[in-house]
Amino acid sequence: MATTDAAGRPLPLSTDPVDFAQDPTTGDLVIVGGKLQTVAGAGAAEQGIRRRIKRVAGEWFLDLDAGVRWLENDAVTAQQAILAQGFDPAKADAEIRAAILDAPAVTSVASLAIAFDRSTRKAAITFGAVCSFADLSADALVTGAMTVP
């Protein structure tokens with residue numbers, strides 16, 4: 001069993017509160033009874049994957065390289081941008097796989113499907129990621145689907 005995730009970080013426990021919970025549709029923080037909720041385990045891994053896929057490289061001033069190179073901007077050239085000139089499925093696959101592997105507890109990408117709609121310039125993404133946790137003997141499969149940007 002793995003002791004580190006794909007990014008080389010020690011595996012979290014399945015009960016570790018990894019992040020504040022976000023509504024998967026709106027991205028808003030989840031507040032119940034006036035308290036911010038946290039997310040752990042497979043839910044944290046899925047939220048981390050979604051957040052990383054949606055983050056546009058060049059938008060966060062502290063790390064312009066963080067995120068997927070969806071659009072051309074000051075930090076991403078037209079050649080690098082996935083939605084720039086012509087849609088390149090291989091480039092999109094490599095960028096999104098890297099984003100998935102950067103999420104906490106993710107050890108590998110089990111599946112990835114990307115469907116690009118030229119008329120709306122949006123990509124529908126379906127993913128499956130294998131996650132490991134330090135306190136569990138079996139890996140977890142996290143799946144999800146989303147549309148970006």
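This report describes a sheet, two helices and the salt bridges of a predicted model.

## The sheet

In this predicted model, three strands form an open sheet in the order S5-S6-S7, and their pairing is antiparallel. The edges of the sheet are strand S5, which covers residues 106-117, and strand S7, which covers residues 140-148, and each of these pairs on one side only. From one strand to the next, the twist averages 10°.

Strand S6, made of residues 122-131, pairs with S7 in the antiparallel sense, and 9 bridges join the two strands. Within this part of the sheet, Ala129 has Val142 of S7 as its bridge partner.

## The helices on the sheet

Two helices lie across strands of this sheet, and they can be described in turn. Helix H1, residues 41-54, lies across S5, S6 and S7, and the direction of H1 makes an angle of about 30° with S7. Helix H2, residues 89-101, lies across S5 and S6, and H2 runs at about 140° to S5.

## How H1 meets H2

Helices H1 and H2 also pack against each other, at an angle of about 140° and with their axes 8 Å apart. Angles over 145 degrees would count as roughly antiparallel, and H1 and H2 are therefore described as oblique to each other. In passing H2, helix H1 makes a right-handed crossing.

On the H1 side, the contact is made by Ile49, Arg52 and Ile53, while H2 contributes Ile96, Ala99 and Ile100. Sorted by class, the contact between H1 and H2 has 5 nonpolar residues and 1 charged residue, with no polar residues.

## Salt bridges

The structure holds 7 salt bridges, and one that involves helix H1 can be followed in detail. The side chains of Arg50 and Glu46 meet in a salt bridge, with a distance of 3.0 Å from N to O. Because Arg50 and Glu46 are 4 residues apart in helix H1, about one helical turn separates them.

Notes
Residues are numbered from 1 along each chain as its sequence is written. This is a predicted model: local features need pLDDT of at least 70, side-chain atom pairs count only at pLDDT 80 or more; totals for chains, interfaces and linings use all residues. Side-chain values use heavy atoms; hydrogens and water are left out. Two strands pair if DSSP finds at least two bridges between them. Axes are lines fitted to C-alpha atoms, for helices over the stretch in contact, and angles run from 0 to 180 degrees between N-to-C directions. Contact means heavy atoms within 4.5 Å. Angles under 35 degrees count as roughly parallel, over 145 as roughly antiparallel, 65 to 115 as roughly perpendicular and the rest as oblique. A crossing is left-handed if the near helix is turned anticlockwise from the far one by less than a right angle, and right-handed if clockwise. Ala, Val, Leu, Ile, Met, Phe, Trp, Tyr, Cys and Pro count as nonpolar, Asp, Glu, Lys and Arg as charged, and the others, Gly among them, as polar. A salt bridge is a side-chain nitrogen of Lys or Arg within 4 Å of a carboxyl oxygen of Asp or Glu.
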